[in-house]
Amino acid sequence: MNNPLRNRFELQIKALKGFDFQDFIIELFLLKYGEKGFTVLRKQKDKGCDGIINDEKRVIACYGPGTNNQNKFNKKADDDFKDFQENWHITYPNWMFVVNQEISPAYESKIKSLKSDALLLGLKQILFIVEGLKNYQRRKLAEYLKIETEFISSDYLAEILEDLLKGSETALDNIKYDTKGRINTEEKIAINYDKSDIEEAISEYGLLMESGSLKVVNDLLFGYEDEEIDRMKHRILYDYVNLTSGNFKTRLKQLTEHYLVKYSSEKDDDYLHYIRAILIHLFEQCLLGNKTRQEK
């Protein structure tokens, strides 16, 4: 998870109060543990239990105070722990207190004074859990918190680029865009696609332009060193040459599916969109496909 998205998660989580914070933690734990691994109870008259981590036999209590106040924290912890002891501890002997703030030594000391093996989960630990989710789960949580889509798309693209970089050997030569030989993208589409596919290809290119995805790819690449960019391009070109065959449309589809299987745990339309953005960006730069009719 890149820093912009992490910062948005942090801001949104810190702003949650009361039942809103409790609802968020329920969403988070359902994603982490699954519907069979985490039991959700009703909000009202829950007897101090905001959910149960079944395998750990652990009751959780959530606290979204809005402000940092030790006295209020102590009272909430005392009240929830009392309810836990009276209603849950025989069947579920473990207890966790969850707060959307940084954990202070005083907070930690208070929780341990109630139960020496109790867990205190704070903002940093919550963010760590968010980072450990699968990508589609993290996107679902970001949508739940109404985090802007540009932060999610940037994170997806950055993750793909970083993985391409890790899987690349040092480039033997630089891959530069030949500005002298530059041709219009629509003209390049006409050179590489069959007549029946040209309109569809132009439409896809236009949608990627309008959505800002091609600009996001370009902006993210701007943050890398030239040598790193070359290595990523070499990786993609190597895969294009060695893993695909057929006409250009078929080869681009095969390469897209290769990366979709590699980077997505399910048929994820968003991942498909971002992978295509990277590949179309390289096509636009004349690094994929033919630049002249003579090459066909």
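Accessible areas here come from the Shrake-Rupley method with a 1.4 Å probe. On that basis I looked up the surface of the protein and got about 16000 Å² exposed, with carbon and sulfur atoms supplying 49% of it. I note at the start that this is a predicted model.

**Entry 1. Overall counts**

I looked up the secondary structure and found 13 helices and 5 strands in the protein. I then took the burial figure: of the 296 residues, 45% are buried. For contacts with a separation of 6 or more, I read that 66% are between residues 24 or more positions apart.

**Entry 2. The sheet**

I asked in what order the 5 strands of the sheet run. The order is E1-E2-E3-E4-E5, the sheet is open, and the pairing is mixed. The edges are strand E1 (38-39) and strand E5 (119-121), each of which pairs on one side only.

I went through the pairings of E3 next. Strand E2 (residues 51-53) pairs with strand E3 (residues 58-63) in the antiparallel sense, over 3 bridges. Within that pairing I found Gly51 opposite Ile60 of E3, and I found Ile53 with Arg58 of E3 as its bridge partner. On the E4 side, E3 pairs in the parallel sense over 6 bridges. There the bridge partner of Arg58 is Asn94 in E4. Arg58 therefore turns up in my notes as a bridge partner of Ile53 and of Asn94.**Entry 3. Cover on E3**

I checked how many residues of E3 are buried. The count is 6 of its 6 residues, and E3 is mostly covered. I also checked the two faces. Arg58, Ile60 and Cys62 are buried on one side, and Val59, Ala61 and Tyr63 are buried on the other.

I then looked up which helix lies across E3. Helix H3 (residues 70-87) lies across E3, strand E4 (94-99) and E5. I noted its direction as well: H3 runs at about 150° to E4.

**Entry 4. The turn between E2 and E3**

I looked at the connection between E2 and E3, which form a hairpin with 4 residues between them. Lys57 is in the loop between these strands. I noted its phi, near 50°, as a positive value in a residue other than glycine. Is Lys57 buried or partly exposed? Lys57 has a relative accessible area of 44%, so I entered it as partly exposed.

**Entry 5. A second positive phi**

I made the same lookup for Lys146. Its phi is near 60°, again a positive value in a residue other than glycine. Lys146 sits in the loop between helix H6 (135-144) and H7. The relative accessible area of Lys146 is 68%, so I entered this residue as exposed.

**Entry 6. Packing of H7 and H11**

Two packed helices are described by the angle between their axes and the distance between the axes. I looked up both values for helix H7 (residues 149-166) and helix H11 (residues 226-243): the angle is about 85° and the axes are 8 Å apart. Angles of 65 to 115 degrees count as roughly perpendicular, and H7 and H11 are therefore roughly perpendicular to each other.

I listed the residues that make the contact. From H7 they are Leu161, Leu164 and Leu165. From H11 they are Glu228, Arg231, Met232, Arg235 and Ile236. I sorted the residues of this contact by type and got 5 nonpolar, no polar and 3 charged.

**Entry 7. Tyr156**

I stayed with H7 and looked up Tyr156, which is found in this helix. How large is the relative accessible area of Tyr156? It is 2%, and since buried means under 20%, Tyr156 is buried.

I then asked which residues Tyr156 touches, not counting residues up to four places away in sequence. I wrote down Asn135, Tyr136, Arg139, Asp268, Asp270, Tyr271 and Tyr274. I also took one C-alpha separation: Tyr156 and Asn2 are 154 residues apart along the chain, and their C-alpha atoms are separated by 9.0 Å.

**Entry 8. Glu187**

My last lookup was Glu187, placed in helix H8 (residues 185-192). Its relative accessibility is 41%, so Glu187 counts as partly exposed. The C-alpha atoms of Glu187 and Ile198 are separated by 9.8 Å, with the two residues 11 apart along the chain.

How values were computed
Residues are numbered from 1 along each chain as its sequence is written. This is a predicted model: local features need pLDDT of at least 70, side-chain atom pairs count only at pLDDT 80 or more; totals for chains, interfaces and linings use all residues. Side-chain values use heavy atoms; hydrogens and water are left out. Two strands pair if DSSP finds at least two bridges between them. Helices (H or I, at least four residues) and strands (E, at least two) are DSSP runs, numbered from the N terminus. Contact means heavy atoms within 4.5 Å. Axes are lines fitted to C-alpha atoms, for helices over the stretch in contact, and angles run from 0 to 180 degrees between N-to-C directions. Angles under 35 degrees count as roughly parallel, over 145 as roughly antiparallel, 65 to 115 as roughly perpendicular and the rest as oblique. Ala, Val, Leu, Ile, Met, Phe, Trp, Tyr, Cys and Pro count as nonpolar, Asp, Glu, Lys and Arg as charged, and the others, Gly among them, as polar. Buried means under 20% relative accessible area, exposed over 50%, partly exposed in between (1.4 Å probe, protein chains only).
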